[in-house]
Amino acid sequence: MNKKNDTNRRTAGMPSQTEIIEFIQSYDGAAGKREIAKAFGLKGQEKIALKKRLKQMAEDGLIDGKRTAYHRAGDLPKVTVLKIVSIEDGELYAEPESKDGDADNDADSKPQRLLVKESKKHGALKRGDRILARTEQTERGWRAHPIKKLPARSEGLMGVVEIDRAGKAWLAPVDKKIRNSSPISDLGGAEDGELVIVERTGNSPRAGVKVVEVIGDPLAPKSFSMIAIAKHGIPHVFPDEVVEEAKQAAKLPLSEEKREDLRGVPIMAIDPADARDHDDAIWAEPDGEGGYRAIVAIADVAFYVRPGGALDKEARKRGNSVYFPDQVVPMLPEVLSADVCSLKQDVDRAAMACHLRISPQGQITEWRFTRAIVRLARNIAYEDAQAAIDSGDAPEALTHLWGAWTLLHEARTARDPLELDLPERQVRLNDKGQIEEIAVRERLDAHRVVEDFMIAANVAAAKALEAKTAPVVYRIHEPPSRDKLVALREFMATQGRKIALGQVITPSLFNRLLKDVTDEAEKVLVMEAVLRSQTQAYYGPANAGHFGLSLGSYAHFTSPIRRYADLLVHRALVDAYKLEQPKPGDGLPPGSGLADRDRDSLQAISDAISQTERRAMEAERDTIDRYVAAWLSGRVGETFDTRITGVQGFGFFATIEKLGGDGLVPVSTLGREYFRYDEASQTLKGEGSGTSYSVGDKLKLTLAEANALTGALKFAVPQSDGQGIEPRGRRDDGRKKPGGRNGGRSGGRSGGQGKGSPPKGKSGPPKGKPGSGKPGDGKPATGQHSQGQRGRPANIRHQGRKK
């Protein structure tokens, strides 16, 4: 029906409730108060009366929505914001981001699910994406037609409650990307200083928030990981039906007739000392011809987690386990992940066995896959295995593993994969969940032994599936893009080094570059630059090789307890090599191979689990940053040996040597002179003194602030006498600049009263906040709430990248 013509036929006067509902249902767009008033020709006092009637109709449950867009109660708005919540059988499903369209609109009702009809012009959508969509109710249910993809909502919907002097409540953010506090309209029982989860009360960024869940003490054990879980939307509570299916699957008997019996083989698992889930175990013995026979036994998760069940859907939704210093969010319920699936010493376990023949040159010449029963001879920690080898008193099974690894390592060296041995931070907690130590994780040969065995099995799995022309979920790492290579070449030129790009790019190019660097500090700098030039690895059904490992075909097979991609590879092997087991009873899905619907939607599944992997990496990194900041919060005011890791127009970032923890040195703290930013060389350079700050420079910096709740650190160049700032950068000739005052503070300081700040003397967000240390305040705080000046600081002039 044409709405304009229909409107012309209507008589003036207040419409009835029925007429209003009919109009809302038939109107093509968003029918708000303005559209209703125009349609019925209402003016003046009639508009006021209409507002009251609409409010009464909403209170009576006849309509839902807001004054700008109403819809009939129980229906969805014609146009609304949706969030992609799942991918099932290759189809996208979304739910309303707002509860306005819920059928019952009560706490127990489930939100309406809509099938999303994708359009190529909006690009590929994935779980977690927000879309503005036109909704349609059909005989087969609700459909959503995307209008446009929306930016992600701010993830800062978690924070600490703070009460200012006037008694007003504010939410101090726990996300370091969010700089301003938000007013709290509803505390929901929360008290000052408590960590809470909130939701916005309006669509505007300036809208207030209301508390929906109280977490408690922001510095209590597990709070840091809970912040990351909430921020990144990581599922961490298993639904009851998933737990029940897991318990049921855990009781499945192992068929000795359908499985290879490897219980007499002294297979062992080498894992971290605190590992709870043991995916893999290895064994090797000489073959009498200069090579080795080997077995890589992997937990047979596919036997327990079957396609189509609630357990499988939850595992796919999670995509992977997430490992925090204070807890693990597993992909599978603990009855499976930490018990029945886990390969443990002296216990019969179901395994997928990869039999390998390793040639004297370290090449994998034969492979064979079976389903087996294993009984591990030993679970041993990396450190204990290494100590046994180093002592010369290792058991024969261990020495055989090292002998086979020697051949694998020789083949790896000949392949010349990318070698980036960057330090990894490890947070160690005591029994009370308190930080005991933060150190760089030691890299042992024992780690390399297990790694090379796993790579060999992963390659064998990919090639075994290719041999049967079976579907494969590959682990793909593409070569660097031309743009990133050019940026790397320009940066290396500023360091006096050349990279020739007129050749086939292989990992050997980067390895030669690293071998030419003898200074350890410079080598770390070059490694970081090379790492920035690389693409991010992902999963997909179309093979593009693995650039970093110098491998043509590569899949993940060895960690199905913690990665869904590996579980898919196991299922494909079950089908390709006819490894199906007897059907279970008790209502569990009958098969353990790859479901037909999964074969048809491997690309969508691969995209989804690639996304959950990136989500996990970000959450784990954020949590480590918070622990490092908490560890350092008691050392604010101390001076540390640091190295500059990044330079931008607004300042530079530095990390504490041998500890990690990146912090910012704002350019506004460097003195009055103007600093020119050169993008190609990643350098800030003072126009008067010639003092420069470049990536890789080592210098002493004072820790000015450590915010445990956001993970943010802030450094300052040490002051000479409490008055001026004494730069410790480099002069034009590369020599360290001598001491001396630099004439006071910068004219481009970024502080000041912004739009969101209350006038002086008035109430506003409190300045002292829990979570970060600052000199002289004696307690933590979460940062300033006032909004700073916009744009580049006044003492910065930008110099673009050299062409």
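A residue is called buried when its relative accessible area is under 20%, exposed when it is over 50%, and partly exposed in between (1.4 Å probe, protein chains only). By that definition Cys341, at 1% relative accessibility, is buried, and so is Cys354, at 0%. Select both cysteines to begin. With a disulfide defined as a pair of cysteine sulfur atoms within 2.5 Å, the count of disulfides is zero.

The model is predicted, so local features need pLDDT of at least 70 and side-chain atom pairs count only at pLDDT 80 or more, while totals for chains, interfaces and linings use all residues. Residues are numbered from 1 along each chain as its sequence is written, and side-chain values use heavy atoms, with hydrogens and water left out.

**The whole chain**

Show the protein chain as a cartoon: 18 helices and 35 strands appear. These are DSSP runs numbered from the N terminus, helices being H or I of at least four residues and strands E of at least two. Of the 803 residues, 49% are buried. The accessible surface (Shrake-Rupley method, 1.4 Å probe; for residues, only the protein chains shown count as cover) comes to about 38,300 Å², and 47% of it belongs to carbon and sulfur atoms. Contact means heavy atoms within 4.5 Å. Among contacts with a separation of 6 or more, 67% join residues 24 or more positions apart.

**The largest nonpolar core**

A nonpolar core is a set of buried Ala, Val, Leu, Ile, Met, Phe, Trp, Tyr and Cys residues joined through side-chain atoms within 4.5 Å. Next select Leu336, Phe453 and Phe557, which touch the most other members of the 96-residue largest core. Helix H12 (residues 445-467) gives the most to this core, with 12 residues. Around Phe453, leaving aside neighbours within four places in sequence, the contacts include Leu401, Ala404, Trp405 and Leu408.

Those four residues are also among the buried residues of H11. Helix H11 covers residues 396-415, and its 20 residues should span 28 Å at 1.5 Å a residue (1.5 Å times one less than the number of residues); the end C-alpha atoms are 29 Å apart, which agrees. Asp416 follows H11 and has a positive phi, near 55 degrees.

**Arg571 in helix H16**

Move to Arg571 in helix H16 (residues 564-576). Is this residue buried or exposed? Arg571 counts as buried because its relative accessibility is 0%. Its side chain makes a polar contact of 2.9 Å with that of Asp312. A polar contact is a pair of N or O atoms within 3.5 Å; within protein, one must be able to donate a hydrogen and the other to accept it, and residues adjacent in sequence count only if both atoms are side-chain atoms. Beyond four places in sequence, other contacts of Arg571 include Arg306, Tyr564 and Asp598.

**Helix H15 and Leu632**

Select helix H15 (residues 520-533), whose end C-alpha atoms are 20 Å apart, in agreement with the expected span of 20 Å. At the N-terminal end, Asp519 caps H15, with a side-chain oxygen 2.9 Å from the backbone nitrogen of Glu522. The buried residues of H15 pack against helices H13 (482-494) and H14 (507-515) and strands E26 (639-648) and E32 (698-707).

Finish at Leu632 in helix H18 (residues 602-632), buried at 0% relative accessible area. Leu632 and Leu703 are 71 residues apart in sequence, with C-alpha atoms 8.5 Å apart. Beyond four places in sequence, Leu632 also contacts Phe640, Ile656, Leu659, Ala706 and Leu713.
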